[in-house]
Amino acid sequence: MGLCWSNRIKAESPSHTGFNSKSVSKDGFGIGSVSSSKFSSSSIPITPRSEDEILESSKLKSFSFSELKTATRNFRPDSVLGEGGFGSVFKGWIDEQTLTATKPGTGIIIAVKRLNQEGFQGHKEWLTEINYLGQLYHPNLVKLIGYCLEDDHRLLVYEYMPKGSMENHLFRRGSHFQPLSWSVRMTVALSAARGLAFLHNAESQVIYRDFKTSNILLDSNYNAKLSDFGLARDGPTGDKSHVSTRVMGTRGYAAPEYLATGHLTAKSDVYSFGVVFLEMLSGLRAIDKNRPSGQHNLVEWAKPYLNNNRRIFHVLDARLQGQYSISRAQKAANLALECLAVEPKCRPSMDEVVATLEQLQDAGGKDNNANGHGQAKSCRSSINDGPRPTTYPRPSNSPLFA
Ligand SMILES: Nc1ncnc2c1ncn2[C@@H]1O[C@H](COP(=O)(O)OP(=O)(O)OP(=O)(O)O)[C@@H](O)[C@H]1O
Ligand SMILES: [Mg+2]
């Protein structure tokens, strides 16, 4: 979560509605029932809810600021787990039963995120996080334990994820971060995909809108859990095809049609998944101005290589050599390409992504379906970036990246 304005995208769309912090508008807060999956919570009111309703109805613990001060040893700098646009994240300790602060090293470890930014948008994201994570439960979503709202203090208390974020493992260099193997990368991709599929399949669909490697947290077995629901939105209802929103997200991950129109669908998350999957396959960041010109935007540079079975090795992380079969590499590259299709309808659903990644784990990609999910011919050109019915500006040409 957070408001890292250097990377975050934010622009008004014509349909954006106003917001009042006490009686919360529909914009971002009207979550409906999510009881379709066995992991989901019990029924959730469909109507938009006020701040008090959101806080009272969640089963989260309300921590006092002094409790969290004790749990984190007064927010000591050496207990910082990471920094984001929202603020710093600290390591702390609480008793597993009573959830009260304990001595460091006893009880369970927690991660405490402390909002350090004044203002309305930070509060809105803080509340949205509580609204969603207070009600959605799944093995691939990080568990929110509680929150603190006291004077100007806004904090969130999560389960501690021992291996930190996928971003650190993929891009940090140094003895602490060894390159992740092919099979670990596939495990992370599959478990993160399951988290997104759960959100999309909920009876009242949730669009995550901020899928990126820093929001994928890892447990000790490299199972991924999605964190940061501050930008999440309810999906379209009734006969609506999309929700109209402000364009928000993180540079390099947002789908082209969303950037161009503000129209948000679950397929926007699928595109972001494609970007992240490509980062996992290549070991390269979605955007990196330090790369040679023509390679700053990973998707634009890599796409032509992905649809050529003999050239995909230009894109694959050299540190993975010898760990995968050619058929696996082809299948993985093809999955990334499908998710990155220009036409949203040509992208697979997250259920299809999960199924393909499961096959990749089991069968080594030798089976059929290596050339897509049976998309019509019209989709092939969209996936392969050839002539296509709709054109959107290349993400790097969007004024939002100015
Ligand atoms: N529950 C957790 N357990 C362990 N480490 C965590 C946890 N939550 C966050 N972190 C660490 O803190 C870092 C900062 O997280 P945060 O969500 O605030 O920002 P971010 O995702 O890096 O950036 P952004 O603000 O753009 O979302 C993460 O990258 C991760 O390393
Ligand atoms: Mg984050």
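A residue is called buried here if 20 or more other C-beta atoms lie within 10 Å of its own. Keep that cut-off at hand for this tour of a predicted model.

**The whole protein**

Start with everything shown as a cartoon. You should find 11 helices and 14 strands. Of the 402 residues in the protein, 45% are buried. Now think about which parts of the chain meet: among contacts with a separation of 6 or more, 69% are between residues 24 or more positions apart.

**Stop 1: helix α5**

Select residues 182-201, which form helix α5. This helix has 20 residues, and the distance from its first C-alpha to its last is 28 Å, close to the 28 Å expected at 1.5 Å a residue. Is α5 mostly enclosed or open? Since 15 of its 20 residues are buried, α5 is largely enclosed by the rest of the structure.

**Stop 2: from α5 to α7**

Keep α5 on screen and add α7, residues 266-282. The axes of α5 and α7 come within 11 Å and cross at roughly 175 degrees, which means that the two helices are roughly antiparallel. To see where they touch, show the side chains of Arg185, Val188, Ala189, Ala193, Leu196 and His200 on α5, together with Ala266, Asp269, Phe273, Phe277 and Met280 on α7. Sorted by class, this contact has eight nonpolar, one polar and two charged residues.

**Stop 3: from α7 to α8**

Hide α5 and bring in α8, residues 298-306. How is α7 set against α8? The pair packs at an angle of about 70 degrees, with axes 11 Å apart, so α7 is roughly perpendicular to α8. On the α7 side, pick Val275, Leu278, Glu279 and Ser282; on the α8 side, pick Leu298, Val299 and Ala302. Five nonpolar residues, one polar and one charged make up this contact.

**Stop 4: helix α9**

Next, select residues 326-339 for helix α9. Its 14 residues should span 20 Å at 1.5 Å a residue, and the end C-alpha atoms are indeed 20 Å apart. Which residues of α9 are buried? Colour Ala329, Lys331, Ala332, Ala333, Asn334, Leu335, Ala336, Leu337, Glu338 and Cys339 to see them. With 10 of its 14 residues buried, α9 is largely enclosed by the rest of the structure.

**Stop 5: Lys113**

Move to strand β5, residues 108-115, and centre the view on Lys113. An unreviewed UniProt entry lists Lys113 under "binding site". Is Lys113 buried or exposed? It has 26 C-beta neighbours inside 10 Å, so Lys113 counts as buried. To look at its surroundings, show Phe86, Gly87, Val89, Leu155, Leu156 and Tyr158; Lys113 is in contact with these, leaving aside its neighbours within four places in sequence.

**Stop 6: two loop residues with a positive phi**

Most residues other than glycine have a negative phi. The last two selections go against that pattern.

- Select Phe75 in the loop between α2 (65-71) and β3 (80-83). Phe75 is not a glycine, yet its phi is positive, about 50 degrees. It has 16 C-beta neighbours inside 10 Å, so Phe75 counts as partly exposed.
- Then go to Leu99, in the loop between β4 (87-94) and β5. Leu99 is not a glycine either, and its phi is positive at about 60 degrees. With 19 other C-beta atoms within 10 Å, Leu99 is partly exposed.

How values were computed. Residues are numbered from 1 along each chain as its sequence is written. Chains are lettered from A and ligands numbered from 1 in the order in which they are written. This is a predicted model: local features need pLDDT of at least 70, side-chain atom pairs count only at pLDDT 80 or more; totals for chains, interfaces and linings use all residues. Helices (H or I, at least four residues) and strands (E, at least two) are DSSP runs, numbered from the N terminus. The expected span of a helix is 1.5 Å times one less than its number of residues. A residue is buried if 20 or more other C-beta atoms lie within 10 Å of its own, exposed if 12 or fewer, and partly exposed in between; C-beta atoms are placed from the backbone. Axes are lines fitted to C-alpha atoms, for helices over the stretch in contact, and angles run from 0 to 180 degrees between N-to-C directions. Angles under 35 degrees count as roughly parallel, over 145 as roughly antiparallel, 65 to 115 as roughly perpendicular and the rest as oblique. Two residues are in contact if their C-beta atoms, placed from the backbone, lie within 7 Å. Ala, Val, Leu, Ile, Met, Phe, Trp, Tyr, Cys and Pro count as nonpolar, Asp, Glu, Lys and Arg as charged, and the others, Gly among them, as polar. UniProt positions are given in the numbering used here, feature names are shortened, and annotations may be inferred rather than shown by experiment.
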